[in-house]
Amino acid sequence: MQQRLKSLLKLIWWLLVLTFVSLFLYKNLNATLEIVSKLPLMVITVAFLAIVVAKVLLVLVMHLALSRYRIDLGYLRCFTIYNITQLGKYIPGSIWQYVGRITLYKEAKIDNADIRDTLLLETFWVVFSALMIGVCLILLTQHSLIIELIEKLPGYLTHPLTLGLFAALIILLAASFRKTVQHYAKQFMFSPIAALVVSTLWLCLGFSFWITLLPYTSQEISFIYIVGLYALSYALGFAVPFAPAGIGVREALLVMGLLPYLDANTAIVLATINRLFYIISEILLVLISNHLTGRITKEGLTS
C-alpha cells in the first residue's frame, strides 16, 4: 500500500513538472528561444562533456564501494551495470534502478549482505558529500541562501523544542543500535581516493552549470558558489522521495539560487537545459553500455 502511494505521488509529481514546463513554454516561447540562441555551441559542448565526465566518476564511486567489500568486478563491468540501470530512477516507484542493480549483482555472485552494504555505501558517499560540499561552499560564498532556505521551512520544524526532540531521537537511536552504528561508521569512512573522486565529481557538475550562465550575466558569478549550489540541490532533490532523480526539486533550488544574478525566466531555462544535458548523457551512456555488453558477451562465447 505504501509503495503504491509513493508511486502515485511520483506520477502526480511528473505530471505537475510536465504541466509547469508546458505552460512556461506556452507563455514564454519566444523569450525561451531567444535565451537558448545566446548559448554558444562551444559552451554547450563543454557543459555536456563535463556532465559525461561526472557520470564516469559516479561509476568510479560504485567501483570503489565494491572494492571496500573486496568485490572486484572491474571498471568496465561496473560501467555497464551502472549505466544500464540508471534510467530506472525516472520510472514511478523509485526502486527500479536498485532492482536492476541488485539483479545484475546477483548474476555476478555477490551475496545479499554485500549488495546491501555496497549500495548503502555508494549512496552515502554521493549524497553526504553533496550535502557537505553544498552547505560549506554556500556558507563561504552566499550564506544568506542557507538562511533563506531555513526561513522557508514551516515554523514547527525549526522550533527549539522540535530540534531538541530530533537531537534526542538521534542520540537514542545511536545508543540503541550502537554496534550497528559503529560498524557502518567505520565502513562508510571516505578513503582518500573516494574523497578525491566525489570532490572532482561535484566540481564537474558545478562547472557544467556555471559555464552556461556566463553569457547571460554582466556581473561575476562565483564558480565555487555554483558548485555548492549544484551539490546542495542534488542532495535535497535526492531527499524528496516522490521526485524521480530530484527532478523539479533540483531545478527549483538552482533557480532560487540564481535569482540574485539572473531573471527568473533565464534561470528556469538554464536549469532545464542542464537537466536535459544530464538525461541525454545518461541515454548516450546507456547506448554505449549496451554496445559494450554485447561485445563482451560475444567475446565470451567465442573464447
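A disulfide is a pair of cysteine sulfur atoms within 2.5 Å. I looked for such pairs, and the structure holds zero disulfides.

I noted that this is a predicted model, in which local features need pLDDT of at least 70, side-chain atom pairs count only at pLDDT 80 or more, and totals for chains, interfaces and linings use all residues. Residues are numbered from 1 along each chain as its sequence is written, and side-chain values use heavy atoms, with hydrogens and water left out.

I then checked two cysteines, taking buried as under 20% relative accessible area, exposed as over 50% and partly exposed as in between (1.4 Å probe, protein chains only). Cys204 is buried, at 15%, whereas Cys136 is partly exposed, at 45%.

Next I examined the largest nonpolar core (buried Ala, Val, Leu, Ile, Met, Phe, Trp, Tyr and Cys residues joined through side-chain atoms within 4.5 Å). This core has 74 residues, of which Leu73, Tyr105, Trp202 and Ile226 touch the most other members. Among the elements giving two or more residues to this core are helices H2 (41-68), H5 (112-152) and H12 (264-302); helices (H or I, at least four residues) are DSSP runs, numbered from the N terminus. H2 supplies the largest share, 14 residues.

I looked up the contacts (heavy atoms within 4.5 Å) of Ile226. Beyond its neighbours within four places in sequence, Ile226 meets Gly206, Phe209, Trp210, Leu213, Ile221 and Leu258.

Finally, I turned to Ile138, which lies in helix H5. Ile138 counts as buried because its relative accessibility is 0%. The C-alpha atoms of Ile138 and Gly257 are 9.9 Å apart, although 119 residues separate the two along the chain.
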